[in-house]
Amino acid sequence: MQIAVLTFDGFNELDSFVAAAILNRLRPKGWQAHITCPTKQVTSMNGVTVAAQKPLEFATEADAVLIGSGIRTREIVADAEMLARIRLDSARQLIGAQCSGTLLLAKLGLIGGLPACTDLNTKPWVIEAGVDVIDAPFVAHGNVATAGGCLASQYLASWMIARGAALEDARAAIHYVAPVGEKDSHVERAMGVIAPFIQAGRVAA
């Protein structure tokens with residue numbers, strides 16, 4: 001499973017790095033999550049500059065795509081040339097978006113009239129884009145999922161692992177990253193959030 005973690009200038013480190021780290025727990029099974037950017041380097045909202053592992057066009061061929069958030073998302077969705085470089089296929093790919101990434105997903109036409117999640121700051125802009133925003137950390141419809149809140153990245157990563165591999169793989173990945181002394185409760189919380197959408201997603205796909 002090759003995964004593009006879309007990461008733009010002004011990105012939120014928690015969205016891109018936490019999700020990528022959890023997904024890369026499945027490297028022994030051939031999974032790879034790549035920081036995927038429109039330029040050779042991007043700088044986060046807190047001034048952390050990273051080198052792209054893959055160009056933006058990699059998202060077209062990837063098996064799965066995660067779209068993180070950032071402080072420049074509204075600029076990105078207003079850039080027609082940038083949007084034209086992002087070609088996704090929800091019939092073939094697992095696609096997830098977090099916080100303001102949900103706005104980008106909406107502008108790409110991949111949410112439509114379905115309810116979605118986002119963060120509280122982005123919520124007005126996502127509603128303005130015609131999306132029904134719900135008060136929940138995670139929701140999925142078939143191969144498309146959205147999440148709200150920085151630490152909800154664990155839910156997107158867990159969902160993607162459960163859909164692309166198995167629930168037990170998702171449990172193992174979350175168990176590894178969860179705090180010592182709280183591992184079982186973290187695993188149960190994460191599985192409780194994503195489990196209702198796993199079988200339904202497989203049937204829809």
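In this predicted model, the largest nonpolar core is made up of 38 residues, and those with the most contacts inside it are Ile-3, Leu-23, Phe-138, Trp-159, Met-160, Ile-161 and Ile-194. Helix 7 provides the largest share of this core, contributing seven residues. A second core, separate from this one, comprises 28 residues, among them Leu-6, Leu-88, Ala-106 and Ala-116. Such groupings may be set beside a general tendency: in soluble globular proteins, nonpolar side chains tend to be buried together.

Met-160 may serve as an example of a residue within the largest core. This residue lies in helix 7, which runs over residues 153-164, and its relative accessible area is 0%, so that Met-160 falls under the 20% limit and is classed as buried. When residues up to four places away in sequence are left out of the count, Met-160 touches Ile-3, Leu-23, Trp-31, Ala-64, Val-65, Leu-66, Leu-94, Gly-96 and Ala-165. Two of these partners, Ile-3 and Leu-23, are themselves listed with Met-160 among the residues that have the most contacts inside the core. A separation of 141 residues in sequence lies between Met-160 and Ala-19, yet their C-alpha atoms are 9.9 Å apart in space. Ile-194, another residue of the same list, touches Phe-138, Tyr-155, Ser-158, Trp-159, Ala-162 and Leu-167, again not counting residues up to four places away in sequence.

Charged side chains were examined next. As a general point, side chains of opposite charge can pair when their charged atoms come close. In this model the count comes to six salt bridges. One of them is formed by the side chains of Asp-9 and Arg-72, with an N to O distance of 3.8 Å. This pair links distant parts of the chain, 63 residues apart: Asp-9 is in the loop between strand 1 (2-6) and helix 1 (13-23), whereas Arg-72 is in the loop between strand 6 (64-67) and helix 3 (73-77). Asp-9 is partly exposed, with a relative accessible area of 28%, and Arg-72, at 34%, is likewise counted as partly exposed. Arg-72 also meets the side chain of Glu-75 in a salt bridge, for which the N to O distance is 3.1 Å; Glu-75 has a relative accessible area of 47% and is partly exposed.

A further salt bridge, between the side chains of Arg-171 and Glu-188, has an N to O distance of 2.5 Å. Here too the pair links distant parts of the chain, since Arg-171 is in helix 8 (residues 167-177) and Glu-188 is in helix 9 (residues 183-204), 17 residues apart. Arg-171 is partly exposed at a relative accessible area of 26%, and Glu-188 counts as partly exposed at 45%. Through shared partners, salt bridges join Asp-9, Arg-72 and Glu-75 into one network.

With regard to the chain as a whole, nine helices and eleven strands are present. The radius of gyration is 15 Å, close to the 17 Å given by the globule rule for 205 residues, and the chain is therefore as compact as a globular protein of that length. Along its principal axes, the C-alpha trace spans about 45 × 35 × 30 Å. Of the 205 residues, 51% count as buried, and among contacts with a separation of 6 or more, 64% are accounted for by residues 24 or more positions apart. The chain exposes about 9,200 Å², of which carbon and sulfur atoms supply 53%.

Notes: Residues numbered from 1 in each chain as written. Predicted model: local features only at pLDDT ≥ 70, side-chain atom pairs only at ≥ 80, totals over all residues. Heavy atoms only, no water. Helix = DSSP H or I, 4+ residues; strand = E, 2+ residues; numbered from the N terminus. Buried < 20%, exposed > 50% of the residue type's maximum accessible area, 1.4 Å probe, protein only. Contact = heavy atoms within 4.5 Å. Core = buried A, V, L, I, M, F, W, Y, C linked by side-chain atoms within 4.5 Å. Salt bridge = Lys/Arg side-chain N within 4 Å of Asp/Glu carboxyl O. Rg over C-alpha atoms; globule rule 2.2 N^0.38 Å. Areas by Shrake-Rupley, 256 points an atom, 1.4 Å probe, with all protein chains shown as cover.
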